[in-house]
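Trainee: Could you walk me through reading this model?
Mentor: Sure, have a look at it and then ask away.

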Amino acid sequence: MTVAIEIMRVAGADTDVALPSYETAGAAGADIRANFPDGVGITLAAGTRALVPTGLSMAIPQGFEVQVRPRSGLALKHGIALVNSPGTIDADYRGPVGIILLNTGSEPFHVAHGDRIAQIVVAPVVQAIFDVVDALDDTDRGAGGFGSTGRG
């Protein structure tokens with residue numbers, strides 16, 4: 001299944017930086033890249049975070065969202081995570097897309113202009129109707145949470 005996502009480069013974005021792309025035929029996530037207006041990257045010290053620009057804005061169709069997820073290689077090799085993972089880009093948002101990177105590693109990490117920094121996944125959205133009731137139905141689990149079904 002495919003869905004069209006309109007993408008626009010924001011003012012000052014480098015048009016030589018690749019648009020989001022699927023690196024393999026079976027990929028669920030399209031890699032998205034850093035696009036610094038001055039073409040110079042940033043270095044994240046251990047334990048710090050930064051909003052990294054992508055140089056893009058999107059028009060996502062109603063009924064869909066774009067989820068922003070970490071890249072597993074950056075997480076494993078360098079401890080680079082996304083603070084709000086998965087992040088959501090809503091269908092009604094038209095502003096610039098930025099990725100909040102967090103360096104959980106012990107060494108500084110340099111984000112260069114054009115680096116693949118995250119992946120985006122297009123997903124359908126279902127909105128709920130919230131009904132207030134006096135009681136909820138019973139289940140075997142009941143109110144047990146936070147490890148109540150086993151270890152961890």
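Trainee: Which residues does UniProt give for the feature "domain: dUTPase-like"?
Mentor: The unreviewed UniProt entry places "domain: dUTPase-like" at residues 17-150. UniProt positions are in the numbering used here, feature names are shortened, and annotations may be inferred rather than shown by experiment. In this predicted model, local features need pLDDT of at least 70 and side-chain atom pairs count only at pLDDT 80 or more, while totals for chains, interfaces and linings use all residues. Residues are numbered from 1 along each chain as its sequence is written, and side-chain values use heavy atoms, with hydrogens and water left out. Across residues 17-150 the end C-alpha atoms lie 47 Å apart, and the span is 5% helix and 37% strand. Helices (H or I, at least four residues) and strands (E, at least two) are DSSP runs, numbered from the N terminus.

Trainee: On to the sheets: what is the order of the four strands in the open sheet with E4?
Mentor: The general idea is that strands of a sheet pair through backbone hydrogen bonds, either parallel or antiparallel. Here the order is E1-E4-E8-E6, with antiparallel pairing. Strands E1 (6-9) and E6 (80-82) are the edges, each pairing on one side only. Two strands count as paired if DSSP finds at least two bridges between them. On average, neighbouring strands in this sheet are turned by 45° against each other, direction ignored; the axes are lines fitted to C-alpha atoms (for helices over the stretch in contact), and angles run from 0 to 180 degrees between N-to-C directions.

Trainee: How many bridges join E1 to E4, and how many are there between E4 and E8?
Mentor: Four bridges join E1 to E4, and Met8 has Ser57 as its bridge partner in E4. E4 and E8 pair over six bridges, with Leu51 standing opposite Ile100 in E8. E6 pairs with strand E8 (residues 96-103) over three bridges; there, Ile80 has Asn103 as its partner.

Trainee: Is E4 mostly covered or mostly open?
Mentor: Mostly covered: eight of its 11 residues are buried. Buried means under 20% relative accessible area, exposed over 50%, and partly exposed in between, using a 1.4 Å probe on protein chains only. Take Thr54, which sits in strand E4 (residues 49-59) and is buried at a relative accessible area of 2%.

Trainee: What does the side chain of Thr54 reach?
Mentor: One polar contact goes to the backbone nitrogen of Leu56, at 3.3 Å. A polar atom of the Thr54 side chain also lies 2.7 Å from the backbone oxygen of Val97. A polar contact is a pair of N or O atoms within 3.5 Å; within protein, one must be able to donate a hydrogen and the other to accept it, and residues adjacent in sequence count only if both atoms are side-chain atoms. Not counting residues up to four places away in sequence, Thr54 touches Ile32, Arg33, Asn35, Val97 and Ile99, where contact means heavy atoms within 4.5 Å.

Trainee: And which strands form the open sheet with E10?
Mentor: That antiparallel sheet has the order E2-E10-E5-E7. Its edges are strands E2 (30-33) and E7 (87-89), each pairing on one side only. Neighbouring strands there are turned by 35° against each other on average, direction ignored. Strand E5 (residues 64-69) pairs with strand E10 (residues 116-124) over six bridges, and Phe64 has Pro124 as its partner in E10. Also in E10 is Val122, partly exposed at 28% relative accessible area. Leaving out residues up to four places away in sequence, Val122 touches Val3, Ile5, Phe64, Glu65 and Val66.

Trainee: Where does UniProt place the feature "binding site"?
Mentor: The unreviewed entry lists Arg71, Ser72, Gly73, Asn84, Thr88, Ile89 and Asp90. They span 20 residues in sequence, and the farthest two C-alpha atoms are 26.3 Å apart, so they do not all gather at one spot.

Trainee: Is Thr88 buried or partly exposed?
Mentor: Partly exposed, with a relative accessible area of 45%. Thr88 is in strand E7, and its side chain makes a polar contact with that of Glu65 at 2.9 Å. Ile89, also in E7, counts as buried at 8% relative accessibility. Beyond its neighbours within four places in sequence, Ile89 is in contact with Met58, Ile60, Glu65, Val66, Val68 and Val97.
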